[in-house]
Structure formats: structure tokens, C-alpha cells
Amino acid sequence: MRPHPLLARLLPGLPELMNYPRRHWRADLQAGLSVAAVALPVGVAYAQLAGFSPIVGLYSTILPMIVYALMGSSRQLVVGPDAATCAMIAATLTPLAVPGSEEYMGLAVSLTLMAGLFCMLASRFRLGFLADFLSRPILAGLLNGVAINIIIGQLGKISGLTLAGKDVIGQLLSLLEQLGRIHAPTLALSLATIAVYFGVKYRMPRGPAALVAMAGATLASGLFALSQYGVAIVGALPSGLPRLVWPSLPHEALGTLVPAAAALALISFSSAMLTGRSFAAKNGYDIDANREFLALGAADVAAALSQGFAISGADSRTAVNDAAGGQTRMVSIVGALALALVLLVLTAPLAVLPIAALGAILIASAIGLMDVRGLMALRRYSRAEFNIALATLIGVVVVGVMPGILLAVGLALLRFLAQVARPSDQLFGRIGDNDGFYELAHYPDARSVPGLLIYRFESPLTFFNADFFRQRLQTLVDEQSPRWVVIDAVSIGDVDLTGAMAVRELQKKLAERGIVLALAGRTAQMLEWLRTRGIAVESTGIRFYPSRHAALAAYRAETGCSA
């Protein structure tokens, strides 16, 4: 069966599902049930983290999984609630409304819709390259910082205390003040839940540790009536379809919601791409970044229509899918249907689920998010990138997720601008009669050609660095007093007006001293640039050669130098 071409372009997963190979059914069924077993407790716990009723975690999982399976370019990626996006949602909405209230839910639906629309617009304008904007150091610092935030934010739930602070420092101080009032049964249940989680992880690294821990806590709560001993439980949950809450978008909140939605779109997309690319590379296929933007945007819109919140690529559930041998997109369909069955008929047992158990599962999951070894490896690889990761981590922990991300992106941009404004450069020479040019800084045997300065500027020549370029060459000319200066233009990918003026000014100053300025390489582009602007080549006073060898031959012919 073949769907209509337009439908196939919009839903690239549809042809695969319509012509589903039955030989994959057994593996996909097993993988789909395994994914659902992980997605159920994680979705419920992350809903609590984001400030919603636990059932909203299922609303945010079922329909988005189906939409992504139909529209995404990855056949393995599983979408759903994610630690970073949930932390961002809570950080954005908590100052605007009371968590769990109808106003909070309305704002969340609006935020999710806007994030989805931003993703769709980014796909329309082919902004998939933004996946590379949040570098691995920033994402590493973000995830470690979010993990620390989650752990500290759940300390009140696992200890039975109400922490007064709104930030990490305030919550820690509140915890220290109330240490003598910790509720022992709640803490004991929490520690037992964490122990079960890591016990299952130790015995079965890819097993449903969160589901086993949550089921154990729920069973203990029901058998021993823990609520009678002061252990807080989730309480009655609605089954079936969600109750409709209309989007809420007060004009005074636009200044908060719009940039938060844009940041949410970028973070969720970058995280999903990181996970999707990792498993695509492992299994030998490619994914389309612009298609991923569209698919995630549609999944966010589906989450909003389901009365849920923004989602992202779920690394833990995708890893379970891969480990269980999932072969096709059918895994997400099976997982979503299994969760829908839970939503329809199995919400009653969730009513006695202890809130402390959800906090314990979040803490255990957050510990799994932390990657101290990766940060230390980053420190050995690049001190500058490690500092960016560390700044992101500290920013997220101290000032919050959104300000921490903005701080990290600002630092990364400043580092990039510093690299562009003060790029590396090279001087070239020859080694004996070898037919080639060698960097003088890297080859001790290389010697510059007498009277010839060959210089490479390893960056586009723009207003950021044009003055540095001109002053750097003038300094080298003062030091070496060459007869010719040859600029190796191969690495100058672009020249703006300020850069061109700097080259022109340099040529005039060199001409006054009787020094020839020549450009080698990229001559076709340079001459086309001059032609389109109506500038005669002769009027520039600059000589153009297709390569350094051609420039060297011209220099030897004109000066009689045989070196």
C-alpha cells in the first residue's frame, strides 16, 4: 500500500507503518512494552517536577509518541517528558501561577503551543543547524545542573518537609532549619524506593527500574495504609480523556512566555537531536534536522491538545528501545497504546502512590543524568570548554535554568567572537628543495623565502577582525621588511566591506614603501567580488594569483631571487 505522495511527505513514517514487515512484530511488541514500562513512572514523576498532577505526564506522552512516530526521521527516538524541559517549564510558570491550578495549566498549554509553533517555524526556515548551537559542553553543564536542581528540589518530598525557599540555596537553608522535624516513615519509604531502583539497575541495567520501584512503593502504601502514618499519597486521579483547559495568554505574561517558549524549543530540539543522532550513528542511518524540528513541533502541539506540556527526545526510553531490539516506529505506537490502556483502566492503583516515591524516583533518575566523569574528560580535552560547562552548571544551580542557559550561551558567543576577532594565523616557508609550503611555527626546518612574506589569516575577514588583520600584517612587515607580501586567501571564506577596506588601506601603505601586495588562492571569488561592485582590478594595486606556487614563481621572475 502506498499513501498519497503529499501525505507521505508530511508523514514520512506512514508508508513504513502501512507496509509494516511482520517479521519485526515480536521484537517491536517487546520493545514497545518495555518503553511503556519506563515511560509510565518517569512521565508521572516528571509531571510532578513540572508542577502538574501526575496524570498529566501520561497526557503528555501518548499522543506525542504517535505523532512523532508518523512525522519524525528517526525510527528509534522516543519522545516524552524530559528532565530539562520540565525544569524549564516549572521555572517559567511558577512565578506566574500556583502549580496545579487551572491558571497554571492554561499557561502551560499556551507555552507548549508556542514552543511547538517555534519548532515548526524553525523547520520552515530550515534552521536545523541550530542543533549545533548548544554545544556539548553547554548541554553537559545544563544536564548536570538540572540534575542537581532536581535532587535538591525533591529533598522536601522525600523527607516529608515543606521547604520554604524558591531557589536552591533557599531550599537547602530551609532543609537545615527543619532537620529535627523530618518525617521518619516518609524518609524510610523514600530510601527504600531509591534502594530498589538502584538494585534493579545493578542487576538489569536496561530493566524497568523506575516501574519496579514505583510498583513496590504503591504496593507497600496500599498494604500497610501508609497514609494513616502521615505519608502523603497522590490521591484520586481522573481516568479516560483529560478535562479541557483553554490556553491562557495574558498580555502581561508575554514577555516571559515568548522567550521561554523559544528557549524551550531550542533546548528540547538540541537534546532530541543529540539522542537521535547518537542512536542513528550506532545503527547506520541518518536523520534530518529540519524534519526533526517539524516533528517535535507537531508533537508539542499534540501535547498541548492533550492538555499536556512540552516534550523532548527521551534518552532513557530511546536507550530501552534500542536495548530491547526495537526495529521500527511501531515501538512508539505500541508504547503509546499500552500507556493509553493504563490511562483508561489502571489509574485507581496510582491513587495510593506515595508522593515521596515519585521524589525518590526523580532523585534516582537525576543521579543517572549526572556525568562527572564526562566533565573531567572535558577538562582534560579543553579547559575553555570545561569552563563553559562549569559556568552553565553553576548558573543553572544558583540562578535557575533559564538564566543559567542564557549565561552559558552568552559565554559561548563571547568565546566565538573572541576566536573570530583574534583568529590564529600562520607564516609559511620552504624546506630545502621540497615542493611545498610549511608553517614556520610548526616545522623547525622551514625557512622563509628571502624578501617574501607568505601569510595566512585563518578566519573570514570581517568588521570583527579587519583592524587586527591590518595591524598584524603591518607589524610583520616592520619586523621582516619584505619586498613582497603574499596573503594566502584559501582560509578567508568571506570578506565584508570593512575587510575589503582594510586590505585596500594595507595595500596603499605597503605601496608607499615599495612593497608589492598579492593575494593567492580564491582568486575567482575575489575577482568576482570586485567585478560585481564595478571595481577595476588594476585600480586596486593588488596582484592576484591562483596559488602560492604561482605567486612564488612570479616573485622569482620579477626579483631574480632563486631561493
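The following exchange concerns helix packing, one buried serine and several aromatic contacts in a predicted model.

Colleague: At what angle do helix 3 and helix 6 pack, and is that roughly parallel or roughly antiparallel?

Modeller: Helix 3, which covers residues 25-50, packs against helix 6, residues 83-93, with the two axes 8 Å apart. The angle between them is about 30 degrees. Because angles under 35 degrees count as roughly parallel, helix 3 is described in relation to helix 6 as roughly parallel.

Colleague: Which residues of helix 6 meet helix 3, and how many nonpolar residues does the contact have?

Modeller: From helix 3 the contact draws on Y46, L49 and A50, and these meet A83, C86, A87, I89 and A90 in helix 6. By class, the contact of helix 3 with helix 6 has no polar and no charged residues, and the number of nonpolar residues is eight.

Colleague: Is S332 buried or exposed?

Modeller: S332 is placed in helix 16, residues 330-345. Its relative accessibility is 6%, and since buried means under 20%, S332 counts as buried.

Colleague: Which residues is S332 in contact with, leaving aside its neighbours within four places in sequence?

Modeller: S332 and Y68 are 264 residues apart in sequence, yet their C-alpha atoms are 8.3 Å apart in space. With neighbours within four places in sequence left aside, the residues in contact with S332 are M65, A69, L77 and V78.

Colleague: Among the aromatic pairs, how are F457 and F468 arranged, stacked or tilted?

Modeller: The structure holds twelve aromatic pairs, and in this one the ring centres of F457 and F468 are 6.4 Å apart. F457 belongs to strand 5 and F468 to helix 21, eleven residues apart. F457 is buried at a relative accessible area of 0%, whereas F468, at 24%, is partly exposed. With 40 degrees between the planes, the pair is tilted.

Colleague: What class of pair do the rings of W484 and Y555 form?

Modeller: W484 lies in strand 6 and Y555 in helix 25, 71 residues apart. W484 counts as buried at 2% relative accessibility, and Y555 is buried with a relative accessible area of 0%. The ring centres are 5.5 Å apart and the planes stand at 65 degrees, so the pair is edge-to-face.

Colleague: Over the ring of which residue does the charged end of R379 sit, and over the face of which residue does R430 lie?

Modeller: The charged end of R379 is 6.0 Å from the centre of the ring over which it sits, that of F386. R430, at 5.0 Å from the ring centre, lies over the face of F437.

Definitions and conventions. Residues are numbered from 1 along each chain as its sequence is written. This is a predicted model: local features need pLDDT of at least 70, side-chain atom pairs count only at pLDDT 80 or more; totals for chains, interfaces and linings use all residues. Side-chain values use heavy atoms; hydrogens and water are left out. Axes are lines fitted to C-alpha atoms, for helices over the stretch in contact, and angles run from 0 to 180 degrees between N-to-C directions. Helices (H or I, at least four residues) and strands (E, at least two) are DSSP runs, numbered from the N terminus. Angles under 35 degrees count as roughly parallel, over 145 as roughly antiparallel, 65 to 115 as roughly perpendicular and the rest as oblique. Contact means heavy atoms within 4.5 Å. Ala, Val, Leu, Ile, Met, Phe, Trp, Tyr, Cys and Pro count as nonpolar, Asp, Glu, Lys and Arg as charged, and the others, Gly among them, as polar. Buried means under 20% relative accessible area, exposed over 50%, partly exposed in between (1.4 Å probe, protein chains only). Rings of Phe, Tyr and Trp (its six-membered ring) pair if their centres lie within 6.5 Å; planes under 30 degrees apart count as stacked, over 60 as edge-to-face and the rest as tilted. A charge sits over a ring if NZ of Lys or CZ of Arg is within 6 Å of the ring centre and within 35 degrees of the ring normal.
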